Amino acid sequence: AEVTLRHLTIADGNSGSTDGGGVFAERLSTLTIEDCTFRGNVAFNGGGLATNGWGAQDDGVVVTIRDSTFTQNTATGPGLAGGGHGGGGVYLSGGLAGTVENSFFSANQAANGGAIHLLHSNLLVTAVTFINNIAQNNVGGGGGGAIYMDGTKSMSGEVRIVNATFDGNSTNQLGGAMFSFPEGSGATHID
């Protein structure tokens with residue numbers, strides 16, 4: 001399935017103990033988000049947006065986010081020893097291929113990855129601003145005030161961050177701006 005969201009405000013959604021307070025996308029789909037605002041949404045993972053695949057080898061979801069804002073979204077899932085739940089703004093998991101361009105993440109909050117939580121997926125971030133996002137948990141490990149990365153697609157993929165701005169992001173764990181645990185032969189590149 002292919003879904004495109006344009007010129008929308010998705011605000012104050014709450015998915016309770018499930019993922020994706022604003023939007024949830026399941027595996028084998030393509031989701032494009034253009035010129036949208038996600039504000040004040042709450043979920044277990046991915047306060048604003050959550051995706052799901054069936055592991056690092058899965059085809060997952062293809063997600064493209066352009067010219068959009070994620071602000072004051074919250075993921076309520078608790079931290080787990082060494083990492084775990086998160087993605088106040090966006091939670092991307094299970095073999096996903098994601099692109100985020102010309103977008104803004106501010107004041108999002110989670111146990112890990114205040115703005116973006118990435119699990120076994122590839123990601124390209126270009127010209128994105130991350131301001132005052134918070135990752136806070138009390139179990140140790142994990143963190144990433146703005147971005148939390150744990151593994152890439154097939155454990156051999158790539159996360160690339162180009163021309164991004166990180167300002168005022170924080171965590172009580174590791175990586176005020178970013179936490180990266182690439183696993184396997186996966187790579188993280190920051191340009």
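Me: Is Phe 181 buried, partly exposed or exposed?
Reply: In this predicted model, Phe 181 sits in strand β25, which covers residues 178–181. Its relative accessibility is 45%. Buried means under 20% and exposed means over 50%, so at 45% Phe 181 counts as partly exposed.

Me: Which residues does Phe 181 touch, leaving out those up to four places away in sequence?
Reply: One residue to look at is Tyr 148, which is 33 residues away along the chain, with 8.4 Å between its C-alpha atom and that of Phe 181. A contact requires heavy atoms within 4.5 Å. With sequence neighbours up to four places away left out, the residues touched by Phe 181 are Met 149, Asp 150 and Gly 151.

Me: Is Thr 51 buried or exposed?
Reply: Thr 51 belongs to strand β7, residues 49–51. Beyond four places in sequence, Thr 51 touches several residues, among them Ala 25, Val 61, Tyr 91 and Leu 96. The cut-off for buried is under 20% relative accessible area. Because its relative accessibility is 1%, Thr 51 counts as buried.

Me: Which strands are at the edges of the open sheet?
Reply: The open sheet has 6 strands, paired in parallel, in the order β2-β5-β9-β15-β19-β23. An edge strand pairs on one side only. That applies to β2 (9–11) and β23 (165–167).

Me: What is the average twist from one strand to the next in this sheet?
Reply: The sheet is open, and its 6 strands pair in parallel. Going from one strand to the next, the twist averages 5 degrees.

Me: Which residue in β23 is the bridge partner of Ile 131?
Reply: Strand β19 spans residues 129–131 and runs parallel to β23. The two strands are joined by 3 bridges. In one of the bridges between these strands, Ile 131 is partnered by Asp 167.

Me: Which element gives the most residues to the largest nonpolar core?
Reply: This core has 30 residues, and the members touching the most others are Leu 49, Phe 105, Ile 116 and Phe 130. Elements that give two or more residues include β3 (23–25), β8 (61–66) and β22 (158–162). The most, 3 residues, comes from β8.

Me: Which residues of strand β23 (165–167) does Phe 130 touch?
Reply: Phe 130 is one of the core residues that touch the most other members. Its contacts beyond four places in sequence include Phe 105 and Ile 116. Strand β23 covers 165–167, and the contacts of Phe 130 there are Thr 165, Phe 166 and Asp 167.

Terms used:
Residues numbered from 1 in each chain as written. Predicted model: local features only at pLDDT ≥ 70, side-chain atom pairs only at ≥ 80, totals over all residues. Heavy atoms only, no water. Helix = DSSP H or I, 4+ residues; strand = E, 2+ residues; numbered from the N terminus. Buried < 20%, exposed > 50% of the residue type's maximum accessible area, 1.4 Å probe, protein only. Pairing = 2+ DSSP bridges. Axes fitted to C-alpha atoms, helices over the stretch in contact; angles between N-to-C directions. Core = buried A, V, L, I, M, F, W, Y, C linked by side-chain atoms within 4.5 Å.
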